[in-house]
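Got the viewer open? Here's a short tour, one selection at a time.

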Amino acid sequence: MPKQQYQVLADELKNKIDSGEWPPGTKLPSRSQLCKEYSVSDTVVGKAMMILRATGLTETLEGVGVFVATPAEAST
């Protein structure tokens, strides 16, 4: 079964975080920017953001934006 649009978008954003393109502390583009960039609806962006937040990759600061979370454990 093909992946849902929001799963594909979540994977894309996760790859940017995992690759270091978006290091910890980076502010993610706004929902409207992501909608335009990936040609998806606001609902798709919202679900993708929920996945990233649920997996601990991002943190939301109310009224400020969504940021790449600092990893809980520093890899040594």
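Start by bringing up H1 and H3 together: their crossing is right-handed. Bear in mind as you go that this is a predicted model.

**Stop 1: H1 against H3**

Two packed helices are described by the angle between their axes and the distance between the axes. For H1 and H3, that angle is about 55° and the axes are 8 Å apart. An angle from 35 to 65 degrees falls outside both the roughly parallel and the roughly perpendicular classes, so H1 and H3 are oblique to each other.

Now show side chains. On the H1 face, select Gln5, Tyr6, Leu9, Ala10, Leu13 and Lys14. Their partners in H3 are Val44, Val45, Lys47, Ala48, Met49, Ile51 and Leu52.

While you're here, pick glutamine 7, another resident of helix H1. Is glutamine 7 buried, partly exposed or exposed? With a relative accessibility of 30%, glutamine 7 counts as partly exposed. A polar atom of its side chain sits 2.8 Å from the backbone nitrogen of glutamine 4. Try a distance label from glutamine 7 to valine 44 as well: the two are 37 residues apart along the chain, and their C-alpha atoms are separated by 8.6 Å.

**Stop 2: bring in H2**

Add H2 and look at how it sits on H1. The angle between H1 and H2 is about 105°, with the axes 12 Å apart. That makes the two helices, H1 and H2, roughly perpendicular. To see where they touch, select Leu9, Glu12, Leu13 and Lys16 in H1, then Leu34, Glu37 and Tyr38 in H2.

Next, hide H1 and keep H2 with H3. Here the packing angle is about 110° and the axes are 9 Å apart, which means H2 is roughly perpendicular to H3. The crossing of H2 and H3 is right-handed. The residues to click are Arg31, Leu34 and Cys35 on the H2 side, and Asp42, Val45, Gly46 and Met49 on the H3 side.

Between these two helices runs a loop, and serine 39 is in it. Check its backbone: serine 39 has a positive phi of about 50°, although it isn't a glycine. Serine 39 counts as exposed, at 62% relative accessibility.

**Stop 3: the core**

Bring everything back and go for the largest nonpolar core, which has 17 residues. The members that touch the most others are Leu9, Leu13, Trp22, Leu28, Val45, Met49 and Leu52. Color by element of secondary structure and you'll find helix H1 (5-18), helix H2 (31-38), helix H3 (42-54) and strand S2 (65-68) each supplying at least two core residues. Which of them gives the most? H3 does, with five residues.

Zoom in on leucine 13. Leaving out neighbours within four places in sequence, leucine 13 contacts Trp22, Leu34, Tyr38, Met49 and Leu52.

**Stop 4: the end of H1 and the loop after it**

Select lysine 16, which lies in helix H1. Would you guess buried or exposed for lysine 16? Lysine 16 is buried, because its relative accessible area is 17% and buried means under 20%. Beyond residues up to four places away in sequence, lysine 16 touches Glu21, Trp22, Glu37 and Tyr38. For a longer view, draw a line from lysine 16 to threonine 43: these are 27 residues apart in sequence and 21 Å apart in space, C-alpha to C-alpha.

Then step to serine 19, in the loop between H1 and H2. Its side chain reaches back to the backbone oxygen of lysine 16, at 3.2 Å. Serine 19 is exposed, with a relative accessible area of 55%. From serine 19 to arginine 31 is twelve residues in sequence and 21 Å in space, C-alpha to C-alpha.

**Stop 5: threonine 58**

Last selection: threonine 58, in strand S1 (residues 58-61). With a relative accessible area of 5%, threonine 58 is buried. What surrounds threonine 58, leaving aside neighbours within four places in sequence? The contacts are Ile17, Leu28, Met49, Leu52, Arg53, Val66, Phe67, Val68 and Ala69. To finish, label the distance from the threonine 58 side chain to the backbone nitrogen of arginine 53, which is 3.4 Å.

Note on methods
Residues numbered from 1 in each chain as written. Predicted model: local features only at pLDDT ≥ 70, side-chain atom pairs only at ≥ 80, totals over all residues. Heavy atoms only, no water. Core = buried A, V, L, I, M, F, W, Y, C linked by side-chain atoms within 4.5 Å. Buried < 20%, exposed > 50% of the residue type's maximum accessible area, 1.4 Å probe, protein only. Helix = DSSP H or I, 4+ residues; strand = E, 2+ residues; numbered from the N terminus. Contact = heavy atoms within 4.5 Å. Polar contact = N/O pair within 3.5 Å; in protein donor to acceptor, adjacent residues only side chain to side chain. Axes fitted to C-alpha atoms, helices over the stretch in contact; angles between N-to-C directions. Parallel < 35°, antiparallel > 145°, perpendicular 65-115°, else oblique. Left-handed = near helix turned anticlockwise from the far one by under 90°.
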